[in-house]
Every structure is written in structure tokens, then in C-alpha cells.
Amino acid sequence: MAKLVIGLVQTRDEAEAAAERIIDCGYTRQEVSLLMTDATRHRCFRVPDGTPPAHTFGAAIAMSAVVPDLEFVVAGPLAAVVASAVCARITGGLREILITAGVPERWAERYEAGVKQGRILVSVFAHSEREAGVLHRVLEDPDMYPVRPASPGRPSYHTFI
């Protein structure tokens with residue numbers, strides 16, 4: 001089973017930078033998810049004239065909708081997890097949804113609180129335990145683990161180890 005790796009950021013620019021670091025680890029833009037409150041979406045991703053935003057998540061965020069009863073917006077593969085939880089009538093909000101996705105309870109509480117405080121949850125499903133460890137480091141401290149160019153023939157995440 002793929003392991004969900006999560007980071008919390010404050011701004012759209014930080015979300016885009018986190019996504020770029022994930023992409024530099026060998027993932028695609030389509031594998032990266034964002035989750036935030038609707039208020040955060042309007043604050044960070046608002047486009048005044050209605051044209052699609054030019055940033056990494058422009059179309060996905062512009063087309064995302066508020067999840068009924070939970071009052072947050074999700075774009076990317078994490079949307080399937082949220083949809084499954086809503087269909088299964090999981091109550092308890094984001095915390096319970098993250099726990100069902102394999103996130104430890106104490107971290108799920110932290111992520112839910114961060115989202116409620118206006119932060120943006122950036123996530124990806126890691127392909128392996130090794131990659132999950134690398135992605136955790138990449139999302140926790142971007143200055144400590146800057147992305148470097150990959151060696152030919154090897155995914156760029158090998159440059160971290």
C-alpha cells in the first residue's frame with residue numbers, strides 16, 4: 001500500500017515549492033495533492049478576472065469544490081480518499097479521513113489543526129517506504145534538503161541519501 005506523506009505550508013508559493021521538490025524526487029504534478037479550507041483557497045489562489053491561474057496547481061484549484069459538511073477543498077489523488085470517506089460516512093472531519101489513509105492519530109490531529117488555521121496541506125502517496133522517508137525530509141525542511149540534479153539514469157531522490 002502506498003504511504004501518504006504530508007507537509008503543511010502557509011502560502012501558495014510555499015505549496016508550489018513543495019510540489020516542485022516532490023516532482024524533483026521523481027513524482028508527477030498529477031501525483032501531488034493540496035487540501036485547504038475554502039477561505040484559504042480564496043486567499044491564496046484567487047484569480048480576480050476569472051482566467052485560469054498560471055501557477056502549478058492553477059486549473060486543479062480553480063476547478064476544485066468545497067467538500068460538503070467538511071468545509072475544505074481538495075485537489076489531486078487525495079480527493080479519492082476524501083470521496084471514499086464521505087461515501088463511507090466517516091465522521092470526525094479531516095482527522096478521521098487522514099487516520100483511515102494511514103496517518104498516525106497525533107499527526108492527523110496536527111494536520112487538521114493546521115488546515116483549520118489556514119495552512120495548506122501538500123501530500124503525495126510515496127511509492128515505497130524508502131521514498132516516504134526521503135519525502136518526509138523534503139517536506140519537513142526544504143533548506144536542509146535542497147533538490148540537486150539527478151545523476152543520469154537514476155531518479156533524483158537518490159541524491160538525498
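Reader: Which element gives the most to the lining of the largest pocket?

Author: That's strand S1, with five residues in the lining. Keep in mind that we're looking at a predicted model.

Reader: Which other elements should I look at around that pocket?

Author: Try helix H6 (105–116) and helix H7 (129–140): like strand S1 (3–9), each supplies at least two residues of the lining.

Reader: How many residues line the largest pocket, and which lie nearest its centre?

Author: There are 18 lining residues, and those nearest the centre are Ile 6, Trp 107, Tyr 111, His 136 and Glu 140. The space inside comes to about 320 Å³.

Reader: How do the lining residues divide into nonpolar, polar and charged?

Author: You'll find 11 nonpolar, three polar and four charged residues there.

Reader: How many aromatic pairs does a search of the whole structure find?

Author: Just one. The pair is made by Trp 107 and Tyr 111, with ring centres 6.0 Å apart. Planes under 30 degrees apart count as stacked and those over 60 as edge-to-face, with the rest tilted. Here the planes are at 35 degrees, so this pair is tilted.

Reader: Where do Trp 107 and Tyr 111 lie?

Author: Both are in helix H6, four residues apart, which is about one turn of the helix.

Reader: Is Tyr 111 buried or exposed?

Author: Buried means under 20% relative accessible area, and exposed means over 50%, with partly exposed in between. Tyr 111 has 6% relative accessibility, so it counts as buried. Its partner Trp 107 has 30%, so Trp 107 counts as partly exposed.

Methods:
Residues are numbered from 1 along each chain as its sequence is written. This is a predicted model: local features need pLDDT of at least 70, side-chain atom pairs count only at pLDDT 80 or more; totals for chains, interfaces and linings use all residues. Side-chain values use heavy atoms; hydrogens and water are left out. On a 1 Å grid over the protein atoms alone, a cavity is a set of points where a 1.4 Å probe fits but cannot get out, and a pocket is an open set with protein on both sides within 12 Å along at least five of seven lines; lining residues have an atom within 4 Å of a point. Grid points are joined across faces, edges and corners, and a volume is the space filled by probe spheres set on the points. Ala, Val, Leu, Ile, Met, Phe, Trp, Tyr, Cys and Pro count as nonpolar, Asp, Glu, Lys and Arg as charged, and the others, Gly among them, as polar. Rings of Phe, Tyr and Trp (its six-membered ring) pair if their centres lie within 6.5 Å; planes under 30 degrees apart count as stacked, over 60 as edge-to-face and the rest as tilted. Buried means under 20% relative accessible area, exposed over 50%, partly exposed in between (1.4 Å probe, protein chains only).
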